[in-house]
Structures are given as C-alpha cells and as structure tokens.
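Colleague: I am new to this structure, and I would like to understand the reasoning behind the words used for it. Could you take me through them with care?

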Amino acid sequence: MNGRLADDCFALPPGVDWTPVEVALARLREGLRPVTGIETVGLSEAAGRVLAEPVLARRDSPPAANAAVDGYAFAWEAAGAEADLPLAEGRAAAGHPWPGHLPAGEALRILTGAELPAGADTVVLEEDCRLADGRVRFPRPRKPGANRRPQGEDARHGEPVLAAGRRLRPQDLARAASVGADRLAVRQRLRVGILSTGDELLAPGTDPAQPGIFDANRPMLAALAAGWGAEVVDLGAAGDDAGAVRAALDGGAASADVLLTSGGASAGDEDHLSRLLGREGRRETWRIAVKPGRPLAMGLWQGRPVFCLPGNPVAAFVCTLIFARPALAVLAGADWPEPLAFTVPAAFAKRKKRGRREYLRARLDAAGHAEVFASEGSGRVGGLSWSEGLVELPDAGMDIAPGDPVRYLPYAGFGI
Ligand SMILES: Nc1nc2c(c(=O)[nH]1)N[C@H]1C(S)=C(S)[C@@H](COP(=O)(O)OP(=O)(O)OC[C@H]3O[C@@H](n4cnc5c(N)ncnc54)[C@H](O)[C@@H]3O)O[C@H]1N2
Ligand code: MOO
C-alpha cells in the first residue's frame, strides 16, 4: 500500500537541540513509508528493483535428489566397505533420468545433476573407482547419502525464498529463477527530483572565463540516485530568487516523489530554499550534530519530502549517503540499509572535538590502514574523488594516533 507521509514526519521530539545522528536516523526510519506503487515485471527486467511481495517457491528445489559429482550411483547399505558391484546397463545424465529401479548391489554410471535412480541413495566419485569387466570397485564412502543433493535442500514448495523489501541483486534473480518464478511484483521506481540552487552556479559547457562555479552537486546526486535504482528527474538549477525556487519546487512536486536539493539550506540572506519551506511548506531544521552536514534541513513541499542538502559538495555527498540513502530506500519500499563498516587501524593523527559525529574522506593504504584526505574543507571536491570510503568518528572527543582503531565505511557498501 502506498503511504501518505504525516505532516510531522520529520519533526524531532520536543526539547532536542543538537540532534545526534542516530536520533535523526531513527526519526527518519519511523516517519517514512513507501510512496511508490506496485507493478509486475519479468525476471530479465527485475535487477535492482525492490520486491513488493515475497517470492514463493513454486516447487521443491531441487525437484528431485540428484548427483553432485560424476561417478556411480548405488545403494549404500547393500555395498560392502570395499565395494565391488556389477554395472547396470545405461547411464543417468542431467535432463536424461535412468528409467528403472536400480537393484541393491548394483551400480549405475551417473553424471553431475542427474536425478538419482530409484533404489540408489549414494554416489561415489569416479576418481575413486576402478572399472574392469563390467564391474566397478571402490572404497565405500563413509556415510550413506554422500554426493547426493537431496530433493528440496535449497527450497521447499511454497516456502518464501525472498522477502518483500529486498532490492534484487543478480544472485537474488538466480534464487527466484531457481524456484520457478517468472514475473515478480516490484515497486515502481522512486522518482527523485534533483535541484541545485544558487546564483553562482554555471551549467556544464559554460565558458570557464565566466564568473561563478560549475554545478558539481547535480551530476553527483543524480548519479547516486540512479545507482540506487531511482528514476531521476533533473529539475535544473534555480537562482537565489524566491519565485524561481518556488517554481522549481512546484515542478518537482508534480513530477517526482521526493526532492534532493542542494544549497540554500542554512539561514543566510540568500538561503531561499530553507526559508520557503519554512513559510510555505513544512520544514524541520535539524541542526544535526555532524560534520560535515550540520545545516541539513528536511521538509515537505505539497506533501513531497524534500531533503535540503547543504551546498558544499562534500556535505551534500555525506548527507546523501548517511541520511538520504536510507530515506530513499524506505520511500522506494526497500528495507532500511545499514552501511557496511569495518574497524581498521588509522594511518593518521587527529584531535576531534566532542559533541558531533565526523565523517572524513578516506581510503585504505597498502597495509589496510585508513588514510584521510589532507584537507577537511567541505568544498574540496578533489577529496571526494580521491576517497574510497569514509572514516566515521563517534560523538565523543578523541585524540587519534596512528594505529588506533577507527570505523571505515567503504563506498562499495553504499553501492557506489
Ligand atoms: N553563518 C553561518 N554560515 C554558514 C553555516 C552556519 O551554520 N552559519 N554553515 C556552513 C556550513 S557547515 C555549510 S555546509 C554551508 C551550507 O550552506 P547552504 O546549504 O546554505 O549552501 P550555500 O550557502 O548555498 O552554498 C555553500 C557553498 O556550496 C557551494 N555550492 C552550492 N551549490 C553548489 C553546487 N551545486 N555545486 C558546487 N558547489 C555548490 C556554494 O557556492 C558555496 O560555496 O554554509 C556554511 N555557512
Ligand atoms: O556541512 Mo558544512 O562544513 O559542514 O560543509
């Protein structure tokens, strides 16, 4: 079912001033619900889509016991410890079952994937066998059932094999296909509108001699959202003018399910986005205890959630990974994703203030230690491109020395 978001879905509990990251995340998790409809697609179109209903096994998988190796099938009980069995006529191959009932005390040539013939319960590996005069000799495997893949060992008929909310990875498609699924009920793609704001922004292709800065956020945010399975709606760039920002928000609310804006998030004279949302929409300024990203604001414009990301590209990027990504997942009907994190030794030294969580652009050196970008400047796009993950430092004050354990969040864990 599609959810309507409550007006206060971003509101913080009363009395909260500087919002710890985990409080902000918990609030998002509680306040958001799926906003996308459901459609049916074939397996070949389902990669990256979010399952709307569980996939149930349409039969046992495998449908019958079969051989895990090339060798000889036989009944374990009837063979001695040093087995010496006559070979039955014919063979069993994948897709070509042997029709008869194998008498106890005989063996049958069998290939990997072939259904085990009636009467046989065990398969001996061909490398362990000696063949002579129509007989096969081998040391009997220690246990009955060796090299046999039992019926239904991977899935039972009717069993849910994939839960609703899963974003389908290639291996999930294999799982769905293996139990006979054909068409899957998935969520429609979340439409994510991307808007940049600021008079200083230059479109790509502008003469570099022009004053201003090139819009770095929009291609980055669009690629992030697309990589997470969204349909991107490019809302362009709006100048620092309330009318232009209002028109862009109206256009976004009409064409997208959720908006990611950048710039104008804090409380400066030209921070129209934040002000407009406050006056004409619904805005919660969170003052999150995080660096970078403190000015992140969230709100609703005509019922559509809006993430007002800070303009500084590093802050926009970090806020998108940490806050917008799980929010977009929930809005898209997917499970809440937790970032992947490892504890690794630091390759750097840093004194950190208490009272806020910090994210540093980082990557692992050859020894597996986390090194960080030379500058923490939130405008340094070079550091974003240099980095392969983030070091996450907790709210406490810290004096970090090389070799101290730190939490490293590889970008690969964010799907980028
Ligand atoms: N008095 C205060 N000033 C600032 C505060 C504060 O709390 N009080 N917070 C600082 C922090 S932290 C950040 S982050 C920025 C965020 O401000 P805004 O979201 O209002 O963003 P702008 O002022 O519009 O832009 C900031 C910076 O980013 C550049 N920018 C904007 N959009 C883009 C884009 N699409 N591509 C590349 N660069 C972009 C813009 O030119 C500015 O340099 O505020 C601090 N100030
Ligand atoms: O979020 Mo600002 O430094 O924190 O760029």
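Modeller: What follows is a short exchange on the overall form and on the ligand, and please keep in mind that this is a predicted model.

Colleague: What makes the protein chain more spread out than a compact globule?

Modeller: The chain, which holds seven helices and 28 strands, has a radius of gyration of 30 Å, whereas the globule rule gives 22 Å for 416 residues, so the chain, being well over that value, is called more spread out than a compact globule. Along the principal axes, its C-alpha atoms fill a box of roughly 95 × 50 × 50 Å.

Colleague: How many of the residues count as buried, and what does that word require?

Modeller: A residue is called buried when its relative accessible area is under 20%, and 47% of the 416 residues in the protein chain count as such.

Colleague: Why is the pair formed by ligand 1 and the side chain of Glu 200 called a polar contact?

Modeller: An oxygen atom of ligand 1 lies 2.6 Å from an N or O atom in that side chain, and because the cut-off for such a pair is 3.5 Å, the name applies. The backbone takes part as well, since a polar backbone atom of Ala 216 is 3.0 Å from a nitrogen atom of ligand 1, and one of Ala 265 is 3.0 Å from an oxygen atom of ligand 1.

Colleague: How much of ligand 1 does the protein cover?

Modeller: On its own ligand 1 has 870 Å² of accessible area, and the protein covers 64% of this.

Conventions
Residues are numbered from 1 along each chain as its sequence is written. Chains are lettered from A and ligands numbered from 1 in the order in which they are written. This is a predicted model: local features need pLDDT of at least 70, side-chain atom pairs count only at pLDDT 80 or more; totals for chains, interfaces and linings use all residues. Side-chain values use heavy atoms; hydrogens and water are left out. A polar contact is a pair of N or O atoms within 3.5 Å; within protein, one must be able to donate a hydrogen and the other to accept it, and residues adjacent in sequence count only if both atoms are side-chain atoms. Accessible areas come from the Shrake-Rupley method with a 1.4 Å probe; for residues, only the protein chains shown count as cover. Helices (H or I, at least four residues) and strands (E, at least two) are DSSP runs, numbered from the N terminus. The radius of gyration is taken over C-alpha atoms; the globule rule is 2.2 Å times the number of residues to the power 0.38. Buried means under 20% relative accessible area, exposed over 50%, partly exposed in between (1.4 Å probe, protein chains only).
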